[in-house]
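Okay, everyone, thanks for coming. Let me put the structure up, and then we'll walk through a couple of spots together.

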Amino acid sequence: MSQSFSQQRLCPTAMSSRCPECYATLPEDASWVCPTCGYTLRTPVSSKVGVGFMLLGLVLLGTFVAGPESLGLRSGWMPSDLAELTITSYPLLVAGTFFLGMALMAAGALRLRGERSRAPV
Ligand SMILES: [Zn+2]
């Protein structure tokens, strides 16, 4: 498995024509999943962005646990009203970021599942 991954990186042209999992020749339109074995050839961008948002959510959660007040929002670089609003809506911000990340990852998974369902099992 890990060997086929490194081969993919070394020679990207071979990746588009052959499945790294079952070595079946891939048709032109099979850009997401292998039609023969259902192997995921490419991760949808929304999944990657989703992971990014989840990580951002973790960072925000960390700062929230540490206390949003300690971020220095009230130190004057930000209008105090806005700083106050950011601090009071912080849990919402954290939850929203997590939710967005999960929604994007779900969208990517659904897209892959849709592509996979076209493949004969
Ligand atoms: Zn395959």
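So, which residues is L112 in contact with, leaving aside its neighbours within four places in sequence? They are W32, V33, T40 and P44. Keep in mind that this is a predicted model. L112 itself sits in helix α5. You can also look at L112 and R42: they're 70 residues apart along the chain, yet their C-alpha atoms are separated by 9.1 Å.

Now, is L112 buried, exposed or partly exposed? Count the other C-beta atoms within 10 Å and you get 19. Being buried takes 20 or more, so L112 comes out as partly exposed.

Okay, next helix. α3 covers residues 45-66, so to speak from V45 to A66, and has 22 residues. From its first C-alpha to its last, α3 reaches 32 Å, close to the 32 Å expected at 1.5 Å a residue.

Which residues of α3 are buried? That would be G50, F53 and G57. Those three cover an arc of only 60° around the axis, so they're on the same side of α3. And what do the buried residues of α3 pack against? They pack against α5, residues 90-117, and that's the helix where we found L112.

Flip over to the other side of α3 and you'll see exposed residues: V45, G52, L55, V59, G62 and A66.

One last thing, at the end of the helix. α3 is followed by G67, and the phi of G67 is positive, near 110°.

Conventions
Residues are numbered from 1 along each chain as its sequence is written. This is a predicted model: local features need pLDDT of at least 70, side-chain atom pairs count only at pLDDT 80 or more; totals for chains, interfaces and linings use all residues. Helices (H or I, at least four residues) and strands (E, at least two) are DSSP runs, numbered from the N terminus. The expected span of a helix is 1.5 Å times one less than its number of residues. A residue is buried if 20 or more other C-beta atoms lie within 10 Å of its own, exposed if 12 or fewer, and partly exposed in between; C-beta atoms are placed from the backbone. The arc is that of the directions from the helix axis to the C-beta atoms. Two residues are in contact if their C-beta atoms, placed from the backbone, lie within 7 Å.
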